[in-house]
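Me: I'm new to this and would love some help with reading a structure. Could you walk me through it step by step?

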Amino acid sequence: MNNFSGYKKGVNLGGWLSQCDHTYEHYDSFITEEDITTISSWKVDHVRLPIDYELLEDDNGNYIEKGFSYIDNAVKWCRNAGLNIIIDLHKTAGYSFDKGENENGFFESPLLWERFYRLWEKLAERYAVSDGTIAFELLNEVTEQSYGPIWNGIVRNCIGRIRKYAPDTVILVGGYWQNSPDAVPDLDAPYDDKIVYNFHCYDPMNFTHQGAYWYEGMDTAFRMSFDECEPPVTPEFFIERFSRAYDAAEKNGTVLYCGEYGVIENAEPEDAVKWFRAINAAFDRLDISRAVWSYKEMNFGISDDRMNSVRSELIRYL
């Protein structure tokens, strides 16, 4: 695969159907069709939709039809707005990138693998398209490097199961260390010619996560400006950061997609724009598709009021 057409620039819908209070009141109010229309006005071409398994499954793995209706709405709203959509399974039974979720055992349990495969079969059967308007992302941010070989096997089996229902759908696969670009070379060669390598980038973390209460070792009072970053954050900084992933994708006949990148709300808005400008230049030079984290709230929201003074410039660098 040499071109992830229709997914050049996108926006994450974090906090709606994932990393949230899993209630219908929240689902009904956090994102509406008006938000999708706003995103479309920013001249992007897709959204990334994180979903948690709790939206779709009860504790015993039985499917919740009403949960699927929210994905149905997202797909419909995106189609109305001329946007494509990536359905990203952000959390599965037994696994979350966030240890605070207390989801454990997935990588040690064939029973949980089977539940994961069945859920993806269900999603594929329901959302498979041949026109490229929907893509699938198997799982968000595998953490431990030791999971890498197991994950490669799970990926291969899951894609095989999906292909029975969705032979033409593009599938995104990321590696360990929270989808680090450094993990991409350890991904198996693509299952077929419709696989894209996925990574995330928040480098340098002391700038993009300054004051983050959840980031281990971070002082919540810490603040820094963009110009204080060492080494300086330039397009060349990011090009070098992505180089091993880029080479691995090229070697294996596929392309890269950056599913998350962004700057925490603790940074000055003007400094955030400088960071976005630098990483956008690198994405463009390497022809890397991407989706910014995140549309609203989640400590990174680009639609939040704090960004009002810079948003018109910021969206030029998505």
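**Salt bridges and packed helices**

Reply: Gladly! Let's begin with one residue: Lys91 is buried, with a relative accessible area of 3%. Keep in mind as we go that this is a predicted model.

Me: Which residue does the side chain of Lys91 meet in a salt bridge?

Reply: The general idea comes first. Side chains of opposite charge can pair when their charged atoms come close. Here, Lys91 pairs with Glu101, at 2.8 Å from N to O. Lys91 sits in strand E3 (residues 84-92), while Glu101 is in the loop between strand E4 (95-96) and H5, so the salt bridge ties together parts that are ten residues apart in sequence. Unlike buried Lys91, Glu101 is partly exposed, at 29% relative accessible area.

Me: How many salt bridges does a search of the whole structure find?

Reply: The search finds 24 salt bridges. One of them joins Arg126 to Glu65, with the closest N and O atoms 2.8 Å apart. This pair links distant parts of the chain, since Arg126 belongs to helix H5 and Glu65 to helix H4 (residues 65-81), 61 residues apart. Arg126 counts as partly exposed at 31% relative accessibility, and Glu65 is partly exposed too, with 48%.

Me: What separates Lys274 and Asp271 in helix H10?

Reply: About one helical turn, because the two are three residues apart in helix H10 (residues 269-286). Lys274 and Asp271 form a salt bridge as well, and their closest N and O atoms are 3.9 Å apart. Now look at the surroundings of each partner: Asp271 is buried, with a relative accessible area of 10%, whereas Lys274 is partly exposed, with 29%. Salt bridges can also share partners, and in this way Glu114, Arg118, Glu121, Arg161 and Lys164 are joined into one network.

Me: Now for the helices. At what angle do H4 and H5 pack?

Reply: To read a helix pair, take the angle, the distance between the axes, and then the residues that touch. H4 and H5 pack at about 45°, their axes being 12 Å apart. That angle makes H4 oblique to H5. Their crossing is right-handed. On the H4 side the contact is made by Glu65, Phe68, Ile71, Asp72 and Val75, and on the H5 side by Lys122, Leu123, Arg126 and Tyr127. Those residues divide into five nonpolar, no polar and four charged. You will recognise Glu65 and Arg126, the salt-bridge pair from before.

Me: How do the axes of H5 and H6 cross?

Reply: The axes of H5 (residues 110-127) and H6 (residues 148-163) come within 9 Å and cross at roughly 35°. H5 passes H6 in a right-handed crossing. H5 brings residues including Trp113, Phe116, Tyr117 and Trp120 to this contact, and among those they meet in H6 are Ile150, Trp151, Ile154 and Ile162. By class, the contact has ten nonpolar, two polar and four charged residues.

Me: One last residue, please. Is His26 buried or exposed?

Reply: To decide, compare its relative accessibility with the cut-off: buried means under 20%. His26 is at 16%, so His26 counts as buried. You can find His26 in helix H1 (residues 24-30). Leaving aside residues up to four places away in sequence, His26 touches Gly15, Trp16, Cys20 and Asp21.

Technical notes: Residues are numbered from 1 along each chain as its sequence is written. This is a predicted model: local features need pLDDT of at least 70, side-chain atom pairs count only at pLDDT 80 or more; totals for chains, interfaces and linings use all residues. Side-chain values use heavy atoms; hydrogens and water are left out. Axes are lines fitted to C-alpha atoms, for helices over the stretch in contact, and angles run from 0 to 180 degrees between N-to-C directions. Helices (H or I, at least four residues) and strands (E, at least two) are DSSP runs, numbered from the N terminus. A crossing is left-handed if the near helix is turned anticlockwise from the far one by less than a right angle, and right-handed if clockwise. Contact means heavy atoms within 4.5 Å. Ala, Val, Leu, Ile, Met, Phe, Trp, Tyr, Cys and Pro count as nonpolar, Asp, Glu, Lys and Arg as charged, and the others, Gly among them, as polar. A salt bridge is a side-chain nitrogen of Lys or Arg within 4 Å of a carboxyl oxygen of Asp or Glu. Buried means under 20% relative accessible area, exposed over 50%, partly exposed in between (1.4 Å probe, protein chains only). Angles under 35 degrees count as roughly parallel, over 145 as roughly antiparallel, 65 to 115 as roughly perpendicular and the rest as oblique.
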